[in-house]
Amino acid sequence: MSVRVALFGTKFMGKAHSQAYRNVNMYFSDAPEVEMAVLVGRDPRETEEARKTFGWQEASTDWKAVMQRDDVDVVDISTPGHMHAEMAVEAARNGKHIICEKPLANTLPEAERMLIAAENAGVKHFLMHNYRRCPAVAMAKRMIDDGRLGRVFHFRARYLQDWAMSPELPRLWRFDKEASGSGALGDLGAHIIDLGRYLCGEISEVCAATETFITERPALDGEGKKPVTVDDAVVMCVRFAEGAIGTLEATRFAAGRKNHNTFEINGSKGSVVFDLENLNNLQYYSTDDDIDAQGFRTIICCASTHPYGGHWWPDGHIIGYEHTFTHSVYDFLKGMESGHRVRPDFEDGVLNQKVLDATEKAAETRAWVKTD
Ligand code: SOE
């Protein structure tokens, strides 16, 4: 079986997804082979340059025409959020399987429309929350599912960056609610909400505070300033349906923090700690250890016994950020082959969106808000 893909997006995520398709062909020979058919962008010259660099067969700037092509099986949407819904609905209408970047959409009604369109068309749908597929994160999930942490009490997550701190930074699309849905909340918070749901189950209730530290920024066209219409930072307290409680923080204003994505989970039989800056390692504490030998130990999750192990290098040879996209694409392709559900999918996207919505409502009303 070979699968022809059209990728929509030529920037950072377009690059990450392109590399994932190349890697899958090279390292995951048990997956269907990918043909990198068409790269779609807005600007003809930029798209052609990206096509050459990323290794796609063709370049196009006509996204609707590409959706209708019979020789495309999978549509990969790596565009800004405001285009996700229209593109995904069009892809589903044309019977294409869909991979979509996070967050699924800018609003809950959009996300629901995408899910309904994909389900009605009977196509596979997948949401790119790549951090689920760090081997150490997948290992944490395995340990929780096996009961090795016992009853889970706490989920404590932080996703910190600092790229937005300069007031001179122009008002990019990420500062515009129309284009991005929300700020640090939807961009970074969505990742740790997804990880919280993946590891600890559904989030039932939220209270939150958001803040916009720089409320206007230089307009992109150089004509004066324009208002920032999204949050710069968010802090959340959450309750999980299964009884745990959690705190989540996401910001673009944590000086010195470039891509600091970390969580700690505490259960009745032990704890795990993940930190993207040491992404192959999972810190694990077990209450079963001898009392005089207790302490956190480091599991380097790069052996053939670990999730995704064995596909890359010999045991203990570390991997990186880009591999998380490869693992995501690999699982999606295996799901296409077997027909099994691969998560996170658009249903997860809708559930994540409900948490994002509840968070905005909670911050606005300064009260606890249920997610359903
Ligand atoms: C923002 O800076 C960003 O690129 C996010 O959009 C990605 O989802 C995250 O993984 C890295 O940071």
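Across the interface of domain 1 and domain 2, the rule picks out 17 residue pairs in polar contact, both at pLDDT 80 or more. Here a polar contact is a pair of N or O atoms within 3.5 Å; within protein, one must be able to donate a hydrogen and the other to accept it, and residues adjacent in sequence count only if both atoms are side-chain atoms.

Which elements of domain 1 each supply at least two residues to the side that touches domain 2? They are helix H1 (12–27), strand E5 (97–101), helix H5 (108–121) and strand E6 (125–128). Helices (H or I, at least four residues) and strands (E, at least two) are DSSP runs, numbered from the N terminus. H1 gives the most to this side, with 10 residues. By type, the side of domain 1 that touches domain 2 has 30 nonpolar, 11 polar and five charged residues. In that split, Ala, Val, Leu, Ile, Met, Phe, Trp, Tyr, Cys and Pro are nonpolar, Asp, Glu, Lys and Arg are charged, and the others, Gly among them, are polar.

A word on what you're looking at: this is a predicted model, where local features need pLDDT of at least 70, side-chain atom pairs count only at pLDDT 80 or more, and totals for chains, interfaces and linings use all residues. Residues are numbered from 1 along each chain as its sequence is written, and side-chain values use heavy atoms, with hydrogens and water left out.

The protein chain splits into domain 1 (2–131) and domain 2 (133–365), with bounds from an automatic or database domain assignment. The contact takes 46 residues from domain 1 and 53 from domain 2, contact meaning heavy atoms within 4.5 Å. Together the two domains bury about 4,300 Å², 70% of it on carbon and sulfur atoms; buried area is the accessible area (1.4 Å probe) that two parts lose on being put together, summed over both.

The rule also finds two salt bridges across this interface, a salt bridge being a side-chain nitrogen of Lys or Arg within 4 Å of a carboxyl oxygen of Asp or Glu. Lys 334 forms a salt bridge with Asp 30, their closest N and O atoms 3.5 Å apart.

Now for two single residues, buried meaning under 20% relative accessible area, exposed over 50%, and partly exposed in between (1.4 Å probe, protein chains only).

| Residue | Relative accessible area | Class |
|---|---|---|
| Lys 52 | 57% | exposed |
| Asn 261 | 0% | buried |

Lys 52 sits in helix H2 (residues 44–54), while Asn 261 belongs to strand E13 (residues 260–267). Leaving out residues up to four places away in sequence, Asn 261 touches several others, including Tyr 131, Arg 158 and Asp 275.
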